[in-house]
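Student: Before we look at particular residues, I would like to know what the labels used for this structure rest on. Could we take them one at a time?

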Protein chains: 2
Amino acid sequence: MFQLDLKSRESIYEQIINQMKELIITGILKEDEKLPSVRELSKILTVNPNTVQKAYRELERQGYVYTVAGLGCFAASIADVKRDEAAIAQLTETLRTTLRQLTYLGFSKDEIDALLMTLLQEDQQKTEELKKGSEHI
Amino acid sequence: MFQLDLKSRESIYEQIINQMKELIITGILKEDEKLPSVRELSKILTVNPNTVQKAYRELERQGYVYTVAGLGCFAASIADVKRDEAAIAQLTETLRTTLRQLTYLGFSKDEIDALLMTLLQEDQQKTEELKKGSEHI
DNA sequence: TTAAGTGTACCATGCGACATAATACAGTGT
DNA sequence: ACACTGTATTATGTCGCATGGTACACTTAA
């Protein structure tokens, strides 16, 4: 379910946040579906429960999940996240800094442009495959 | 010359690295032009000389500058910049997942395409402005 | 030769974010 | 009652970063 990179400069709880966001945004975790409990996920990932809790708390603060005391943590409505200005702004900022980094690495505009078109093409193809795959369910 | 943000999550030596790369790639620092000495820049930025040296060492490792003992640190030929494959792969992966998330958030290909072109335009404009700004020194 | 400036190499110290460990409390469901 | 859930707290250790200080070798100019 999760892929942690302990060597990453991204901290563990940040990785949990981002990967959980992905599961929610992509709909793999459907609305109101229960997330693994703090202790459960901590065992799966072999990390400290406090670390998982820190991630869950932040996910709730950002509106990706809601929690019920004694019950657990659940995926929030995607509608709350969709077209969420904060989420979009965050992604845009990520794109901006990434492009800048590529420029720092000596990439020309044309090179970056070509790379972006390739990636966008990949993304669209992936989307098409998902649609086709879901047709015969 | 430099703009440090002490509150940034980017460390000081990383900021020095990136801004120096910017100066070199934009041609503001021309080939074989001398960089401020370690001690000099440390006084300008009011940071520790060790911090500046750490940045310079990394810049040399990546091929952006070359150093001559006793003389100083000089801007290398942009052609000599070593393309860090690992860094490129990392950035590409970041782009890939970010595009994917935008798609999940309901963005169409055209919307993403437009956004990317805008950002790329911004990036290039920023580079151009830096070049122009350095003309009248 | 001397002095000042250059890069370079250490080592010790402090700080803050992160992760861990252990414990405790309150709410929910069986 | 019991076993789950989330939540909160405190203490401890680690690591990267930045600092302060010292030292050495090299180059250039006085």
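Tutor: Start with the salt bridge: a side-chain nitrogen of Lys or Arg within 4 Å of a carboxyl oxygen of Asp or Glu. The model is a predicted one, and a search of the whole structure gives twelve salt bridges over all chains.

Student: What makes Arg9(B) and Glu14(A) a salt bridge?

Tutor: Their side chains meet at 3.2 Å, N to O. The cut-off is 4 Å, so the pair qualifies. Arg9(B) lies in the segment before H1 of chain B and Glu14(A) in helix H1 of chain A, so the pair joins two chains.

Student: Why is Arg9(B) called exposed, and is Glu14(A) buried or exposed?

Tutor: Arg9(B) has a relative accessible area of 68%, and exposed means over 50%. Glu14(A) has 17%; buried means under 20%, so Glu14(A) is buried.

Student: Which label fits Glu58(A), with its relative accessible area of 21%?

Tutor: Partly exposed, because 21% falls between the limits of 20% and 50%. Its salt-bridge partner is Arg61(A), at 2.9 Å, N to O. Arg61(A) is exposed, with 63%. The two residues are three apart in helix H3 of chain A, which means about one helical turn separates them.

Student: How do you know that Arg100(A) and Asp123(B) form a salt bridge?

Tutor: The closest N and O atoms are 2.7 Å apart, and the limit is 4 Å. This pair crosses between chains, from helix H5 (residues 85–104) of chain A to helix H5 (residues 109–133) of chain B. Both Arg100(A) and Asp123(B) are buried. Salt bridges with shared partners also link Glu93(A), Arg96(A) and Glu122(B) into one network.

Student: Why is Thr26(B) called buried?

Tutor: Its relative accessible area is 8%, and the label needs under 20%. Thr26(B) sits in the loop between helix H1 and helix H2 of chain B.

Student: What makes the pair of Thr26(B) and Glu22(B) a polar contact?

Tutor: A polar atom of the Thr26(B) side chain is 2.7 Å from the backbone oxygen of Glu22(B). The cut-off is 3.5 Å, so the distance fits.

Student: What makes Leu71(A) eligible for a nonpolar surface patch?

Tutor: Leu71(A) has a relative accessible area of 58%, and a patch member needs over 30%. Together with Tyr66(A) and Val68(A), Leu71(A) makes a patch of about 260 Å². Leu71(A) is in the loop between strand S1 and strand S2 of chain A.

Notes:
Residues are numbered from 1 along each chain as its sequence is written. Chains are lettered from A and ligands numbered from 1 in the order in which they are written. This is a predicted model: local features need pLDDT of at least 70, side-chain atom pairs count only at pLDDT 80 or more; totals for chains, interfaces and linings use all residues. Side-chain values use heavy atoms; hydrogens and water are left out. Patches are made of residues with over 30% relative accessible area and no salt bridge: like charges are joined within 9 Å, nonpolar side chains (Val, Leu, Ile, Met, Phe, Trp, Tyr) within 5 Å. Accessible areas come from the Shrake-Rupley method with a 1.4 Å probe; for residues, only the protein chains shown count as cover. Helices (H or I, at least four residues) and strands (E, at least two) are DSSP runs, numbered from the N terminus. Buried means under 20% relative accessible area, exposed over 50%, partly exposed in between (1.4 Å probe, protein chains only). A polar contact is a pair of N or O atoms within 3.5 Å; within protein, one must be able to donate a hydrogen and the other to accept it, and residues adjacent in sequence count only if both atoms are side-chain atoms.
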